[in-house]
Amino acid sequence: MNNFSFQNPTRLVFGKGQIAKLATLIPAEAKIMVTYGGGSVRRNGVYDQVVAALEGRNYVEFWGIEPNPRVETLRRAVELGKAEGVNFLLAVGGGSVIDGTKLISAAIASDEDAWALVLKGADRGGIPLAAVLTIPATGSEMNSGAVISREETHEKYAFYGRYPEFSILDPEVTYSLPDYQIACGLSDIFVHVMEQYLTTPDQSRVMDRWAEGLLQTVIEIAPLIRANKTDYRTMADFMFSATMALNGYIAQGVTEDWATHMIGHELTALAGITHGASLAIVLPATMSVLRDQKGDKILQYGARVWGIDGGTTEERIEATIARTREFFKSLGLAVSLTEAGISLDVIDTIAERFTASGVHHGEAANVDGEMARRILEACK
């Protein structure tokens with residue numbers, strides 16, 4: 001293992017009925033702004049639980065943080081927060097609401113424009129925030145990361161702010177999620193793990209087995225969720241897998257990739273495809289194009305996760321990539337640009353953006369504009 005220093009300060013409050021604990025978890029003197037998405041929390045009962053828990057508290061609400069949160073929307077929240085003297089934020093929603101609230105936190109405490117903070121990449125000096133998670137997928141409830149979009153330029157960048165002080169995870173709130181949203185969430189979880197696992201072998205037995213266990217869990221629960229998405233045990237595993245996939249625990253001391261995510265972010269920014277759906281298209285192509293570099297780890301993944309241990313090396317690699325693609329198909333997700341209805345013009349645009357920004361993603365820092373083009377060509 002490589003040297004590392006690790007700390008995750010977020011407190012998880014997990015289980016049935018835990019939203020009621022907001023009354024004791026948020027400081028009594030706090031002036032709160034509660035941030036929401038488009039309104040699904042009104043239909044699934046979460047909003048009523050939050051209002052009941054905050055009875056008698058001093059708070060304002062901000063609605064309308066969209067999927068792939070836009071800085072144009074978040075600026076309005078910052079303006080409201082500053083005008084109201086807000087000193088504590090509560091994000092109620094999925095990863096996009098929590099991501100957006102991390103930028104709101106930083107921008108309320110800053111004199112700089114919100115997009116300027118995004119371009120800086122990080123600002124951990126914001127006001128405290130917490131979360132009530134409603135859509136498992138991104139792990140944003142227990143990390144400092146966010147991804148913010150700018151509509152006018154079709155850009156999408158990572159931003160790192162504060163960790164949530166606490167996050168409440170009640171699996172019962174997931175029962176009403178649409179099937180497509182669950183599928184994208186499962187894809188996001190799976191690829192989060194793969195970005196930290198499918199690099200080079202023999203770095204850490206602990207990290208490898210932990211990652212493989214999460215992958216096996218996602219594979220196991222996917223059909224169970226399709227059969228019954230109101231089973232508490234299954235949905236608890238779904239929700240907790242999302243948190244564990246990206247709270248830093250499985251990345252300790254090992255190399256990471258993230259090229260699939262960076263290409264996926266561009267697809268979302270340019271074509272509007274849901275983030276998890278973009279990853280289902282890109283990951284198998286990344287594995288195929290980088291098979292020489294990742295071959296040993298692909299073989300390990302195939303054997304331990306899918307039970308593929310017969311045939312030649314090339315046959316095992318091909319079978320492993322095929323099983324990965326079939327898994328995404330089983331979720332009901334497209335696995336090619338054409339199938340997703342995305343214009344192939346994005347290939348040139350993304351390659352040019354990578355080249356212009358001089359990026360080199362991946363564990364070997366070799367996913368530049370031309371390599372991104374090769375991966376996207378394999379996505380057709």
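**Exercise 1. Sort the lining of the second largest cavity in this predicted model into nonpolar, polar and charged residues.**

Start by listing who is there: M194, E195, L198, D257, T260, L283, T286 and K294 line the second largest cavity. Next, sort them by type, which gives three nonpolar, two polar and three charged residues. Then look at where they come from: helix 7 and helix 11 (275-289) each supply at least two residues of this lining. Finally, add the volume, about 40 Å³ for the second largest cavity.

**Exercise 2. Describe the largest cavity and find the helix that gives the most to its lining.**

Begin with the count: the structure holds two cavities of 30 Å³ or more. The largest cavity contains about 50 Å³ of space. Now walk around its wall, where you will meet Q196, Y197, T199, Q203, M207, D208, A211, I250, V254 and K297. By type, these residues split into five nonpolar, three polar and two charged. At least two lining residues come from each of helix 7 (179-197) and helix 8 (205-227). Helix 8 gives the most, with three residues.

**Exercise 3. Locate the largest nonpolar core and follow the contacts of Y301.**

First, take the size: the largest nonpolar core has 67 residues. Second, pick out the residues with the most contacts inside this core, namely L186, F190, M194, Y301, F327 and F328. Helix 7 gives the most to this core, with ten residues. Third, zoom in on Y301. Setting aside residues up to four places away in sequence, Y301 touches F190, M194, Y197, L198, L215, M287, W306, T320 and T324. Two of these names should look familiar from Exercise 1: M194 and L198 also line the second largest cavity. Y197, in turn, belongs to the lining of the largest cavity. To finish, note that there is a second, separate core of 54 residues, and that I32, V34, V46 and L90 are among its members.

**Exercise 4. Decide whether Q18 is buried or exposed, and name its partners.**

Place Q18 first: this residue sits in the loop between strand 1 (11-14) and helix 1 (22-25). Now apply the cut-off, by which buried means under 20% relative accessible area. Q18 has 14% relative accessibility, so Q18 counts as buried. Next, follow the side chain of Q18, which reaches the backbone oxygen of K16 at 3.2 Å. Last, leave out the neighbours within four places in sequence; Q18 is then in contact with V13, I168 and D170.

Methods. Residues numbered from 1 in each chain as written. Predicted model: local features only at pLDDT ≥ 70, side-chain atom pairs only at ≥ 80, totals over all residues. Heavy atoms only, no water. 1 Å grid on protein atoms, 1.4 Å probe; cavity = no way out; pocket = protein on both sides within 12 Å on 5 of 7 lines; lining within 4 Å. Points joined across faces, edges and corners; volume = space filled by probe spheres on them. Helix = DSSP H or I, 4+ residues; strand = E, 2+ residues; numbered from the N terminus. Nonpolar A, V, L, I, M, F, W, Y, C, P; charged D, E, K, R; others polar. Core = buried A, V, L, I, M, F, W, Y, C linked by side-chain atoms within 4.5 Å. Buried < 20%, exposed > 50% of the residue type's maximum accessible area, 1.4 Å probe, protein only. Contact = heavy atoms within 4.5 Å. Polar contact = N/O pair within 3.5 Å; in protein donor to acceptor, adjacent residues only side chain to side chain.
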